[in-house]
Amino acid sequence: MTQAPQFWNTVYDNDTAPWVIGEPQPAILALERDGWIRGRVLDPGTGAGEHTIALTKLGYDVLGVDLSPSAIAYAKRNAADKDVPGARFDVVDMLALADADHDRLGVFDTVVDSALFHVFGTEPEARAAYVRGLHRICKPGGLVHVLALSDTEPGFGPRISDSLIRGSFAGEGWELEDLVPSTYRGRVTEVVAEEVARLGMPSEGLVDMVAWLARIRRV
């Protein structure tokens, strides 16, 4: 189930979020190097703001958004510590984009979803609302990149199948251009310690886990 906002606030306030690794995801940096990020960029579920900070530093027009006020406060501190004062962040509920007045955000050429989509894996209604919202804020021809943990091996965090990604973007208005195995880097913290021990994974530090990387075009 999608966690309540207080959970997200707590893990940022305590710095125990397993997805906060102190750097951008290598898979997202590779997308930029390969030319798949362009124009105005949205970073939904920005968390610590690593991707917004990195892309802003490279000269992109980026907005990082998150449901959690504590995440946004963390991201702003992170940007200041890394001397990227131009990094922009806002508190936004992505599930409300389809049905509420969020025109203030404008539209985007590229959406970089790193580990947000898979949070809705077991909730069809939330997943559908998220996809509708993405369609609303993407320009025609715009790209949505989804990096999500894969269910092809056990591990901590929400894990989804490739078929769930395909099905979620199978409706009118989307074209799935690519869906390939990838890697997601996480951090072992107290939040996942019990699960890590059960799985026999390293008890501390960074771990690379199997993931999916999808590229979907808004048509």
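In this predicted model, residues D61 and R40 form a salt bridge whose closest N and O atoms are 3.8 Å apart. Because D61 belongs to strand β2 (residues 61–66) and R40 to strand β1 (residues 40–44), the pair ties together parts that are 21 residues apart in sequence. D61 itself counts as partly exposed, with a relative accessibility of 36%. Across the model as a whole, the count of salt bridges comes to 11.

A second group of charged side chains involves strands β6 and β7. Here E177 meets R215 in a salt bridge, with 2.9 Å from N to O. This pair links distant parts of the chain, since E177 sits in strand β6 (residues 174–187) and R215 in strand β7 (residues 206–218), 38 residues apart. E177 also forms a salt bridge with R217, and in this case the closest N and O atoms are 2.5 Å apart. With E177 in β6 and R217 in β7, this bridge ties together parts 40 residues apart in sequence. The two partners in the E177–R215 pair can be set side by side in terms of accessibility: E177 is partly exposed at 27%, whereas R215 is buried at 15%. Together with D178, the residues E177, R215 and R217 are linked in a network of salt bridges.

Strand β6 offers a further point of interest in L176, which is located in this strand. L176 counts as partly exposed, its relative accessibility being 27%. Leaving aside neighbours within four places in sequence, L176 is in contact with R166, A214, R215 and I216; R215 is thus a contact of L176 as well as a salt-bridge partner of E177. Between L176 and A27 the C-alpha to C-alpha distance is 18 Å, and the two residues are 149 residues apart in sequence.

Attention now turns to the nonpolar interior. The largest nonpolar core has 32 residues, and F117, L134 and F169 are those with the most contacts inside it. At least two residues of this core come from each of β2, β4 (108–114), α5 (124–137), β5 (138–149), α6 (162–168), β6 and β7. Helix α5 supplies the largest share, namely five residues. For L134, setting aside neighbours within four places in sequence, the contacts are M94, V111, V144, F169 and W174. Apart from this core lies another, of 21 residues, which includes I37, Y60, L149 and Y184.

Helix α3 (residues 50–57) is largely enclosed by the rest of the structure, because seven of its eight residues are buried. The buried residues in α3 are E50, H51, T52, I53, A54, L55 and T56. These buried residues pack against α2, β1, β2, α4, β3 (88–91) and β4. After α3 comes G59, whose phi is positive, near 105°.

Helix α4 also takes part in a helix pair. Helix α1 (residues 5–13) packs with helix α4 (residues 69–81) at an angle of about 30°, and their axes are 7 Å apart. The two helices, α1 and α4, are therefore roughly parallel to each other. On the α1 side, the contact is made by N9, Y12 and D13, which meet P69, S70, A71 and Y74 in α4. By chemical character, the residues of this contact divide into four nonpolar, two polar and one charged.

Finally, the loop between α1 and α2 (26–33) holds T16. This threonine, T16, is buried, with a relative accessible area of 8%. When neighbours within four places in sequence are left aside, T16 is in contact with V11, R187, T189, E190 and V191.

Technical notes: Residues numbered from 1 in each chain as written. Predicted model: local features only at pLDDT ≥ 70, side-chain atom pairs only at ≥ 80, totals over all residues. Heavy atoms only, no water. Salt bridge = Lys/Arg side-chain N within 4 Å of Asp/Glu carboxyl O. Helix = DSSP H or I, 4+ residues; strand = E, 2+ residues; numbered from the N terminus. Buried < 20%, exposed > 50% of the residue type's maximum accessible area, 1.4 Å probe, protein only. Core = buried A, V, L, I, M, F, W, Y, C linked by side-chain atoms within 4.5 Å. Contact = heavy atoms within 4.5 Å. Axes fitted to C-alpha atoms, helices over the stretch in contact; angles between N-to-C directions. Parallel < 35°, antiparallel > 145°, perpendicular 65-115°, else oblique. Nonpolar A, V, L, I, M, F, W, Y, C, P; charged D, E, K, R; others polar.
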